[in-house]
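Visitor: I am new to this structure. Please take me through one part of it closely.

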Amino acid sequence: MKAAVFMGRGVIETTTLDDLEVQDHEIKVRNMAVGVCGTDIHIFHGEKGSADVKPPVVLGHEYAGEVVAVGRAVTGFQVGDRVAVDPNIYCGTCYYCRNGRKHLCENLTAIGVNRNGGFAEYSVIPEQQAFRLGDTVDFEAGAMAEPLACCLHGIDLAQIRPGDTVCVIGGGAIGQLMVQLAKLAGASRVFLSEPVAQRRQIALENGADYAVDPFQEDVAQAVRKINGRGVDVVIECAGNQKATAQAFAVAGKGAAIVLFSVPKPDAEFPVKLFDVFRKELRIMGSFINPDTHQRAVNLINAGKVNISPLITHRYGLDQVEEAIRKQSDPDSIKVLVKP
Ligand SMILES: [Zn+2]
Ligand SMILES: [Zn+2]
């Protein structure tokens, strides 16, 4: 089969790999649509992913496809089923796995990170990593189940209550999904801070009530003009110092601040500790998608999240490197590879 193999920092080679055998509890998937993730960009540039990466490996962990073969012991899937893949595999025996926090697993492995994933014609995965998509759901929407599941974990941590006010910093694919989920969670007002006009427009058409250009306006002032005070929940999805500063500036008393973006491993940020005390801020990180994949698929199957406007570019298997570079461009939101 044809595959785009990550060979090490900055190198992806399109090549032919041996056909895959299917073990008893595995299914073989024809990979149909694969999202390029910020994590792929980090790995491509030699940085860490969610798990350590040892090339050669086929990247691509946000994907959906069609089941083309099932192992002898598989009961939950048949050939022809459409599935979305949860890439994260937990050991089940470490302290965190046995303490209700499996995503913090000491031995986390992930399809498309440290075992072969989506940037190939086919993949073979354990049955329990697959989630059935509706018969009419398109694979492009299915490919977004994984980032949506990660966003759901962030939304859960933020504990948005109906009526809360929410500000999302950054209108890339994650920020766009956060805007829609915040609205679904019952937020009364959703603000977005995003410098690219097209992204602001798309967010406004899909649930954002106000979109602010942080290069033109002071976001905290703009929000306070409308809202009177800071917001109840801030979700930072941009991944730079200015965005983090905005997140703190826009947070009202009692706010939850979810620092969702993947920072550089050595990134630091000074926090005014008195504000944390006096405003009783809850500052939190959010890591991957523990037990949220099924809900993400439920939302996609029910058509509750509008995915199609977020997909801006599509590439073939020969162009994975280009796809990864395009995902960093401000004119893209979500880039897909269609193997
Ligand atoms: Zn991802
Ligand atoms: Zn574990």
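At what angle do the axes of α3 and helix α4 cross?

Guide: Keep in mind that this is a predicted model. The axes of α3 and α4 cross at roughly 55°. They come within 10 Å. Angles from 65 to 115 degrees would count as roughly perpendicular, and those under 35 as roughly parallel. The crossing falls in neither range, so α3 is oblique to α4. The crossing is right-handed.

Now look at the residues that meet there. From α3 come Pro-147, Leu-148, Cys-151, Leu-152 and Ile-155. From α4 come Ala-173, Ile-174, Leu-177, Met-178, Leu-181 and Ala-182.

Two of these names, Leu-148 and Ala-182, return in the largest nonpolar core. That core has 113 residues. Leu-148 and Ala-182 are among those that touch the most other members, along with Ala-64, Val-168, Val-234 and Ile-300. Helix α3, residues 145-158, gives the most to this core: eight residues. The core also draws at least three residues from each of domain 1 (2-144 + 307-337) and domain 2 (151-285). In soluble globular proteins, nonpolar side chains tend to be buried together.

Follow Val-168 next. Beyond its neighbours within four places in sequence, Val-168 is in contact with Met-178 and Ala-182. Both also belong to the α4 side of the helix contact. The other partners of Val-168 are Gly-175, Val-179, Val-190, Leu-192, Ile-235 and Cys-237.

Key: Residues are numbered from 1 along each chain as its sequence is written. Chains are lettered from A and ligands numbered from 1 in the order in which they are written. This is a predicted model: local features need pLDDT of at least 70, side-chain atom pairs count only at pLDDT 80 or more; totals for chains, interfaces and linings use all residues. A nonpolar core is a set of buried Ala, Val, Leu, Ile, Met, Phe, Trp, Tyr and Cys residues joined through C-beta atoms within 7 Å. A residue is buried if 20 or more other C-beta atoms lie within 10 Å of its own, exposed if 12 or fewer, and partly exposed in between; C-beta atoms are placed from the backbone. Helices (H or I, at least four residues) and strands (E, at least two) are DSSP runs, numbered from the N terminus. Domain bounds come from an automatic or database domain assignment. Two residues are in contact if their C-beta atoms, placed from the backbone, lie within 7 Å. Axes are lines fitted to C-alpha atoms, for helices over the stretch in contact, and angles run from 0 to 180 degrees between N-to-C directions. Angles under 35 degrees count as roughly parallel, over 145 as roughly antiparallel, 65 to 115 as roughly perpendicular and the rest as oblique. A crossing is left-handed if the near helix is turned anticlockwise from the far one by less than a right angle, and right-handed if clockwise.
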